[in-house]
2 protein chains.
Amino acid sequence: MPELSERKKQILANVVEMYIKSGEPVGSKGLISSSGMNCSSATVRNEMNELDQMGYLVQPHTSAGRIPSEKGYRYYVDNLMPRRDVDEFTKRMIDAGIAPAAGDPEKLVNRARELLADITKCAAVSTAPVGELNIIRKIELVPVGMHTAMMVLLTSNGILKSRLCRIESDFNVTILEQFYNIVESFFIGKPSGEISPAEIQTIAASVESNYFVMLPLLAAVSDLSGSTNDSKLILGGGANLLSRKDYGDKAIPLLEFLNKKEPLSEVIRSSKDDLSIRIGSENLFKQLEDSSVVVSKYSVKGDNSGSISVIGPTRMDYESVISSMRYLSDLLGRLITSALEE
Amino acid sequence: MPELSERKKQILANVVEMYIKSGEPVGSKGLISSSGMNCSSATVRNEMNELDQMGYLVQPHTSAGRIPSEKGYRYYVDNLMPRRDVDEFTKRMIDAGIAPAAGDPEKLVNRARELLADITKCAAVSTAPVGELNIIRKIELVPVGMHTAMMVLLTSNGILKSRLCRIESDFNVTILEQFYNIVESFFIGKPSGEISPAEIQTIAASVESNYFVMLPLLAAVSDLSGSTNDSKLILGGGANLLSRKDYGDKAIPLLEFLNKKEPLSEVIRSSKDDLSIRIGSENLFKQLEDSSVVVSKYSVKGDNSGSISVIGPTRMDYESVISSMRYLSDLLGRLITSALEE
DNA sequence: AATTGGCACTCGATATGCCAGAGTGCTAAA
DNA sequence: TTTAGCACTCTGGCATATCGAGTGCCAATT
């Protein structure tokens with residue numbers, strides 16, 4: 001990380017901020033006029049030239065203004081960006097928006113994602129609380145007819161999944177008792193992701209009677225516990241990227257990329273820190289070369305367990321995005337934690 | 001409905017089909033070459049001219065080929081379009097795609113919608129089974145901690161909704177009994193849409209003891225029963241419209257329109273027939289003037305109760321869209337019906 | 001009377017050339 | 001080291017010319 005002169009820093013910061021605001025390459029003249037620097041445009045030109053050669057700025061064409069390179073954004077984010085608190089308006093929007101979802105972890109996450117997409121005008125991704133903590137806490141089977149029952153599964157992080165299932169014979173106390181015994185001894189307390197089909201087979205094989213009744217029930221458990229993980233990752237506000245003129249018609253392939261679960265999951269998961277920022281090609285995926293990804297983790301009961309993310313053009317307003325995300329993920333973690341308290 | 005000569009019908013049908021395939025205006029020469037008509041281009045030109053004046057065809061500009069007008073599309077779907085069965089490939093895709101969701105009404109609807117969007121490359125909308133039939137069948141409250149319980153609500157059409165709720169005092173048998181009494185006397189058997197906040201107030205007021213415990217529980221019931229209706233309408237595959245070059249940058253306002261629940265619901269609901277097709281400005285909403293909407297109802301237990309719809313450019317492939325929808329909605333109705341059988 | 005070949009015409013799409021403006025790099029002076 | 005000045009470059013917009021697909025119409029043919 002080479003050190004830059006004070007003036008170079010000032011110029012770089014101004015270029016980044018002006019470009020983020022306007023979307024137009026910024027020239028030497030425009031820069032001094034709207035940044036109040038007390039030197040002439042020629043001086044700025046010289047400095048810009050050096051910043052250019054050092055790789056912090058680039059010119060779209062020979063005779064246009066400068067725009068930040070990825071290295072420029074990186075330097076800005078790491079060293080120059082002010083770390084303000086979220087502005088009052090956004091804060092109110094978040095508080096008001098998330099309030100109706102209080103008490104329900106899944107709703108909270110969904111609401112947070114929607115808010116984030118609205119506020120940043122970018123795509124937003126949420127992952128549900130997960131981790132070693134996400135263990136199966138309760139499985140209930142409520143008969144609703146002679147041959148049908150609804151099964152409900154709850155994990156320790158408050159994810160609730162339910163579905164109907166049918167069995168061939170009638171429901172009766174014996175069957176329910178048998179089922180609850182199996183649940184008690186094999187499922188409760190286990191991480192929900194670890195219920196593999198193979199394991200279901202094993203358990204089913206150990207059933208002594210009513211095999212053909214238990215099998216569909218066990219399959220339903222497997223399905224439900226799997227789905228607590230499946231839907232961990234949700235993308236919202238993808239349409240926001242379309243209105244952004246930054247991506248011309250590149251928006252469509254990008255959206256297609258984001259709509260695939262696996263690579264998106266990879267992108268989110270590869271972030272280690274509480275707050276991680278990947279700019280352009282730092283993202284490894286070719287499809288994200290013009291985009292930046294900001295991932296902020298939230299913690300439930302003191303454990304890092306889920307995340308909210310923003311995906312947008314490299315030209316996104318990092319400062320406001322990041323301040324909003326810090327506030328929102330902190331709030332989200334606290335609200336989920338309190339929803340789970342007993 | 002004026003009668004057209006055989007040859008005019010043939011020409012109109014060919015123009016529609018060629019335009020649907022290519023997206024380019026079709027000229028007299030191209031038409032005879034790829035339709036095998038045994039007359040000259042000049043003859044076709046004369047006929048086209050008449051079709052033009054009758055309002056079935058339009059020219060984008062004076063010296064381009066013809067494209068169908070709305071009236072042209074309308075005549076085509078009413079009188080000229082072949083009514084083929086769904087093709088084998090699509091059929092397999094549907095069968096294979098929907099199989100994993102069998103047994104769960106909500107999943108079935110979601111899966112059907114996703115399949116429809118994939119197959120047609122258009123936006124797809126689903127509405128869950130609803131109607132007088134959609135009554136509350138069961139409400140369960142399962143304690144999961146001292147102060148929290150999960151509440152699960154099931155309607156007669158198989159919609160299952162759940163959420164966590166907290167109360168201030170401890171759960172005990174008395175409270176559960178009281179709650180189930182209220183449920184039994186006020187909720188079971190009622191249409192889920194008819195639980196208004198006002199009604200909740202009235203019921204709460206009639207509670208003799210434990211008022212502050214019952215209130216949040218009743219609120220949760222209201223929330224859940226409301227949400228069985230809220231999420232009736234789901235849009236999927238909106239991104240498909242973007243890849244369609246038909247809408248240039250008109251795709252964005254269209255998507256914004258489709259993302260609003262109320263007008264979209266209006267659009268879907270205004271269809272009476274089992275299968276309804278609205279072309280362009282037949283849709284009343286200005287935002288849909290370049291789009292067609294096809295709505296196909298599916299029936300559960302013999303009653304018309306939900307629908308799947310396709311929204312795409314007026315230039316959509318009506319024949320294949322409609323054959324797929326007929327097959328899919330029939331299948332969907334049957335699968336949901338059998339999932340609900342006991 | 002219907003069909004057809006021929007022809008002039010229209011108009012979008014594409015390519016070309018030109019101009020203005022914004023911004024640069026460089027040089028020489030302060 | 002900074003600044004003013006100047007020549008240069010490149011984009012974007014605009015007008016113009018050209019090309020070609022497709023039409024409408026007319027006269028000739030069946």
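This passage describes how two protein chains are arranged, how they meet DNA strand C, and how one sheet in chain A is built.

The structure is a predicted model, in which local features need pLDDT of at least 70, side-chain atom pairs count only at pLDDT 80 or more, and totals for chains, interfaces and linings use all residues. Residues are numbered from 1 along each chain as its sequence is written, chains are lettered from A and ligands numbered from 1 in the order in which they are written, and side-chain values use heavy atoms, with hydrogens and water left out.

A good place to start is the pair of chains. Chain B can be laid on chain A with an RMSD of 0.3 Å by a turn of 179° and a shift of 0.1 Å along the axis, where copies are superposed by least squares on the C-alpha atoms of residues with pLDDT of at least 70 in both. This is the relation of a two-fold axis. Both copies use the same surface: 94% of the contact residues of chain B recur in chain A, contact meaning heavy atoms within 4.5 Å.

Turning to the DNA, 20 residues surround strand C, and the closest are A:Ser28, A:Arg66, B:Arg7, B:Thr43 and B:Ser63; a residue is near a strand if one of its heavy atoms lies within 4 Å of it. Of the atoms of DNA strand C that come within 4 Å of the protein, 77% belong to sugar and phosphate. Two of the closest residues can be followed to individual atoms. In the side chain of B:Thr43, an N or O atom is 2.4 Å from a phosphate oxygen of DNA strand C, while a polar side-chain atom of A:Ser28 lies 2.7 Å from a phosphate oxygen of this strand. The backbone takes part as well, with a polar backbone atom of A:Ala64 found 3.5 Å from a sugar or linking oxygen of DNA strand C.

Helix H3 (41–54) of chain A and helix H3 (41–54) of chain B each supply at least two residues of the surface near DNA strand C, helices being DSSP runs of H or I with at least four residues and strands runs of E with at least two, numbered from the N terminus. H3(B) gives the most, with four residues.

Chain A also holds an open sheet of three strands in the order S4-S5-S6, with antiparallel pairing; two strands pair if DSSP finds at least two bridges between them. Strands S4 (136–143) and S6 (160–166) of chain A stand at the edges with a single partner strand each, so one side of each is left without a neighbour in the sheet. Seven bridges join S4(A) to S5(A) (residues 148–155), and A:Pro143 stands opposite A:Ala149 in S5(A).

Terms used:
Polar contact = N/O pair within 3.5 Å; in protein donor to acceptor, adjacent residues only side chain to side chain.
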